[in-house]
Amino acid sequence: MNSGQGRLFDFAQGASFLESESSKAVFLSRLKSPTGKTKYKRYMGSPLRYAGGKSLAVGLIIEQFPENLNRLISPFLGGGAVEIACVKELGLKVRAFDIFDLLINYWQIQILKPHLLFKELLKLTPTPETFIKVKKTLKKHWLGEKLIDDKIKLAAYYYFNHNTSYGPGFLSWPSYVYLQDKRYQTLIEKVRDTQLSNMKAGCASFEKVFKRYADDFFYCDPPYFLEGDSKMFKGIYPQRNFPIHHKNFDHKLLRDCLINHRGKFVLSYNDCSTIREWYRGYKILEVGWQYTMGQGETRIGFNRINKNINHVKQSHEILIVKDWDDKVVANKKVFIYGKAIKRFNHRKLY
Ligand SMILES: C[S@@+](CC[C@H](N)C(=O)[O-])C[C@H]1O[C@@H](n2cnc3c(N)ncnc32)[C@H](O)[C@@H]1O
């Protein structure tokens, strides 16, 4: 377990003073942006590029995490920016889930066999021809027409298609920026060198994860809420071409899971009145970071169009924070400070 303590010795001064600082504080101070335009720099720890990923928001999100945390549960893994930071920088255990089976197969292989995944990726040359071949094979697998039985090959094809595509997106179009030898080599070396031994990934819908980890701390990054006065008109996820994973997302069920959850949580959402109303009992923070593509926003500035200015946009997101544990007496089972005296017998997800 990570004690959350970092030790700083100043031998240069000849003094052997010991200072104790939490690994969270050490990480956040390293992540501070030198320009001051944003509070924190982008965190580049994840090997997976991900549309709607939280790499720019990692610092702001982790700021809200409790001190002395042992384990993080994440039901919406996606590109895993926050989760990877928690494993690599904070030394936390991470149990992460997503409903998208191909994504989870990639993460499982990334965690367990990064060297074999690298070898498989070395077999692919980053050209438009390879891109088309991989995309066709992956599409046949996705449609159930011809399955890729080898999990390492499936992970490599998913990763290649995803990381060398525009957006990036699942079964999307090729990105000529990423389909270059040097760039590709850098990408796949990151796959080889990313060690995530404290992390496990599983394929599950979020409600099962809430049942299994009823007392844990959760970080949740669900699909956007697209109704009412939401400024987003579509989801921005890599399955954008195949919107099944965000189109009919059950936001009310997630609300009920979170409200009934006994542990603490941090939840990121797009800012709109329904979400503010549903979560009004919790701490709500307005946070801003930048996205570099027109990720589903309806508001396109007149000046931006006229002056042909690039497509960098501010996010319109909020963080919703529950910073207390519930002491619950339910069915004569007493839960004290996140530790169950008697536990419910949940189905094992791994
Ligand atoms: C906003 S993305 C997460 C992005 C991630 N935090 C990152 O930094 O890259 C939302 C994720 O939720 C997943 N998802 C959608 N519906 C789900 C469900 N019912 N249960 C679990 N995951 C789901 C999608 O596949 C997608 O990867």
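Asn68 is exposed, as 11 other C-beta atoms lie within 10 Å. Asn68 sits in the loop between α2 (58-63) and β3 (71-74), and its phi is near 55°, a positive value in a residue other than glycine. The model is predicted; the protein chain averages a pLDDT of 82, and 75% of the residues score at least 70.

**Positive phi**

- Most residues other than glycine have a negative phi.
- Leu171, like Asn68, is a residue other than glycine with a positive phi; for Leu171 the value is near 55°.
- Leu171 is placed in the loop between α7 and α8 (181-193).
- Leu171 counts as partly exposed because 18 other C-beta atoms lie within 10 Å.

**Confidence**

- Over residues 1-19 the pLDDT is below 50. Beyond near neighbours in sequence, this stretch has 24 contacts in the model.
- Residues 328-350 also stay under a pLDDT of 50, and the model gives them 28 contacts beyond four places in sequence.
- Where pLDDT is low, the predicted coordinates should not be read in detail.

**Ligand shell**

- The ligand is surrounded by 22 residues. The closest are Gly53, Phe76, Gly78, Gly79 and Asp221.
- By class, the shell around the ligand has 11 nonpolar, 8 polar and 3 charged residues.

**Helix α3**

- Helix α3 spans residues 81-88 and is largely enclosed by the rest of the structure, because 7 of its 8 residues are buried.
- The buried residues of α3 are Ala81, Val82, Glu83, Ile84, Ala85, Cys86 and Val87. The list includes Glu83, a charged residue.
- The cover over these buried residues includes helix α2 and the strands β3, β4 (93-98), β5 (199-203) and β6 (217-220).

**Packing of α5 against α7**

- Helix α5 (residues 114-122) and helix α7 (residues 151-163) have axes that come within 9 Å and cross at roughly 65°. The crossing of α5 and α7 is right-handed.
- On the α5 side the contact is made by Leu116, Leu117, Glu120 and Leu121. On the α7 side it is made by Ile152, Lys153, Ala155, Ala156, Tyr159 and Phe160.
- The contact of α5 with α7 has 8 nonpolar and 2 charged residues, with no polar ones.

**Gln110 in α4**

- Gln110 belongs to helix α4 (residues 101-112).
- Gln110 is buried because 25 other C-beta atoms lie within 10 Å, against a cut-off of 20 or more.
- Leaving out residues up to four places away in sequence, Gln110 touches Pro47, Leu117, Val191, Thr194 and Leu196. One of these, Leu117, is also part of the α5 contact with α7.
- The C-alpha atoms of Gln110 and Ile152 are separated by 9.2 Å, with these positions 42 residues apart along the chain counted as their separation. Ile152 is among the α7 residues in contact with α5.

**Val134 in α6**

- Val134 lies in helix α6 (residues 128-143).
- Val134 counts as buried because 21 C-beta neighbours fall inside 10 Å.
- Apart from neighbours within four places in sequence, Val134 is in contact with Leu124, Tyr157, Phe160 and Asn161. Among them, Phe160 also takes part in the contact between α5 and α7.
- Val134 and Tyr157 are 23 residues apart in sequence, and their C-alpha atoms are 6.1 Å apart in space.

Definitions and conventions
Residues numbered from 1 in each chain as written. Predicted model: local features only at pLDDT ≥ 70, side-chain atom pairs only at ≥ 80, totals over all residues. Near = placed C-beta within 6 Å. Axes fitted to C-alpha atoms, helices over the stretch in contact; angles between N-to-C directions. Helix = DSSP H or I, 4+ residues; strand = E, 2+ residues; numbered from the N terminus. Left-handed = near helix turned anticlockwise from the far one by under 90°. Contact = placed C-beta atoms within 7 Å. Buried ≥ 20, exposed ≤ 12 C-beta atoms within 10 Å, placed from the backbone. pLDDT = per-residue confidence, 0-100.
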